[in-house]
Protein chains: 2
Amino acid sequence: MAEKIVEAPDVRRRDAARTRAEILDVATDEFANRGFSGARVDEIAARTRTTKRMIYYYFGGKEQLYRAVLERAYSEIRAAERAVDVEHLDPMTGVRRLAEVTFDHHEAHPAFIQLVGVENAQHARHVAHVAQLVDLNSSAVDLLQGVLHRGQADGVFRTDVDALDVHMMISSFCFFRVANRHTFGALFDRDLLDPSRRAHYRAMLGDLITGYLRI
Amino acid sequence: MAEKIVEAPDVRRRDAARTRAEILDVATDEFANRGFSGARVDEIAARTRTTKRMIYYYFGGKEQLYRAVLERAYSEIRAAERAVDVEHLDPMTGVRRLAEVTFDHHEAHPAFIQLVGVENAQHARHVAHVAQLVDLNSSAVDLLQGVLHRGQADGVFRTDVDALDVHMMISSFCFFRVANRHTFGALFDRDLLDPSRRAHYRAMLGDLITGYLRI
DNA sequence: TAACTAACGTACCAGTTCGTACATTCAAAG
DNA sequence: CTTTGAATGTACGAACTGGTACGTTAGTTA
């Protein structure tokens, strides 16, 4: 009668790294989708296989947890950006390629985009405290700077453009498409993330940027 | 000795319209700066010359107040957009002018931008319930549509562009500049809203859009 | 195997926050 | 002048929520 109970796969084994990571994963989703005030510590705990006590044990509090989430999200996306190799491409193709990488990244990491929005809603008071993020980000712009200089030397780019401005144009397009998809969809009945339109928007971004740079 | 006390200008006179409007003004600022969850009903009440009781009396609750705020903010900005007269401009100048109007509007109404962000954080569940907003917004795109057609007929614009896409490009740039100014400033040490750079960004937007449309 | 510490769980508290019951006052209508 | 209802103020409650005190267990080391 009494069958042998198969040991559940999620029996609690002591594993600090795993517990920490699991809390971070769930917290990322919660903060991204509900904002800082909207996120509930109890809810985050309930969605993990651990308890609220552990959140305070590992992170100290709601605010510190939020910062850890933000730091990891930025690190991940910038690390991927640095993996781009544009040295072997002609300037025009290189810029287009960089824009496409940003495009792909934003699309693949909507939680990151949402977190950026959440952080701006709080006037970036947390980002300002994480100095290392500045280095990460500026290196991404340096890459763009290099390609622009090459293109200007070759005479195919306007000489009055600033790398940070171009970076901003690229980010604007990619950010808006992901961040405002809900209101845009509701007001104009167009799903900006519809897979069938993906290639169209990706090409459009490239045209937009290269069109601006072209002499 | 005892001077005649000048009657304070804010003695409480019964004025429903004024009380309602004052609540809306303060609530707009609160919701824009703290988000839906972050905004406090008590705080909104404290910043008006009335009490929390009145918020419930006039609006019913926090959520309904938020919706009223959202509705008014959208109505205001769209009304101003419709005031643009591009019929008498050549297509190229017309498009640039439309972009500039959006640029100016976003800059003048940061609270609106923040509210759009807040609403997207909630997946636009409130905007979806205000059907009249759809009409308001689509009329703005119709205007753009007309200028594009004229330019295409004149042979100065590409014929494979969509009005809604162009609208999205314009909005992206203007939105990002205002919405993400805090993280951008913290990470790249550049104030996107610095008045001395305003003309530069305004011209850049025009160049960007016309560069994309040019054959 | 006994001691020790990191990892974990339970129960609870104190402050906050949305919302409301109830009393009151102003101003217009008759 | 009286009536009447809209407009307003006060005080409070119930639920939520971040945070913590305290006890327990697992795994490691001597």
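Q: What classes of residue make up the surface near DNA strand D?
A: In this predicted model, that surface has 11 charged residues, alongside five nonpolar and four polar ones. Asp, Glu, Lys and Arg are the residues that count as charged.

Q: Which residues come nearest to DNA strand D, and what makes a residue count as near?
A: A residue is near if its C-beta atom lies within 6 Å of the strand. Of the 20 residues around DNA strand D, the nearest are A:Val41, A:Gly61, A:Lys62, B:Ala16 and B:Arg53. Helices H2 (41-47) and H3 (52-58) of chain A each supply at least two residues of that surface, and so do helices H1 (16-38) and H3 (52-58) of chain B.

Q: What surrounds DNA strand C?
A: There are 21 residues around DNA strand C, and the closest are A:Ala16, A:Thr19, A:Arg53, B:Val41 and B:Lys62. The elements giving two or more residues here are H1 and H3 of chain A, plus H2 (41-47) and H3 of chain B. H3(A) gives the most, with four residues. By class, you'll find 12 charged, five nonpolar and four polar residues on this surface.

Q: Why is A:Ala16 called exposed?
A: Count its neighbours: A:Ala16 has 10 other C-beta atoms within 10 Å. The cut-off for exposed is 12 or fewer, so A:Ala16 is exposed. This residue sits in helix H1 of chain A. From A:Ala16 to A:Phe31 is 15 residues in sequence and 22 Å in space, C-alpha to C-alpha.

Q: What makes H9(A) mostly covered?
A: Six of the eight residues in H9(A) are buried, and buried takes 20 or more other C-beta atoms within 10 Å. The buried ones are A:Arg181, A:His182, A:Thr183, A:Phe184, A:Ala186 and A:Leu187. They pack against H8 of chain A, and also against H6 (110-121) and H7 (132-154) of chain B. Just after H9(A) comes A:Asp189, with a positive phi near 55°.

Q: How many residues of chain A are in contact with chain B, and which element gives the most to that side?
A: On chain A, 40 residues are in contact with 40 residues of chain B. H8(A) gives the most to this side, with 10 residues. Sorted by class, the side of chain A that touches chain B has 21 nonpolar, 15 polar and four charged residues.

Q: How do you know what kind of axis relates the two copies?
A: Chain A can be laid on chain B by a turn of 180° with a shift of 0.0 Å along the axis, giving an RMSD of 0.1 Å. The two copies are therefore related as by a two-fold rotation axis.

Q: Why can you say that the copies meet through the same surface?
A: Because 100% of the interface residues of chain A are also interface residues in chain B.

Q: Which residues have the most contacts inside the largest nonpolar core?
A: Those are A:Ile209 and B:Ile209, in a core of 110 residues. Leaving out residues up to four places away in sequence, A:Ile209 touches A:Val95, A:Arg96, A:Ala99, A:Val166, A:Met169 and A:Ile170.

Q: Where in chain A is the pLDDT below 50?
A: Chain A averages a pLDDT of 88, with 93% of the residues scoring at least 70. Over residues 1-11 of chain A, though, the pLDDT is below 50, and beyond near neighbours in sequence this stretch has one contact in the model. Where pLDDT is low, don't read the predicted coordinates in detail.

Conventions: Residues numbered from 1 in each chain as written. Chains lettered and ligands numbered in written order. Predicted model: local features only at pLDDT ≥ 70, side-chain atom pairs only at ≥ 80, totals over all residues. Contact = placed C-beta atoms within 7 Å. Core = buried A, V, L, I, M, F, W, Y, C linked by C-beta atoms within 7 Å. Least-squares fit on C-alpha atoms with pLDDT ≥ 70 in both. pLDDT = per-residue confidence, 0-100.
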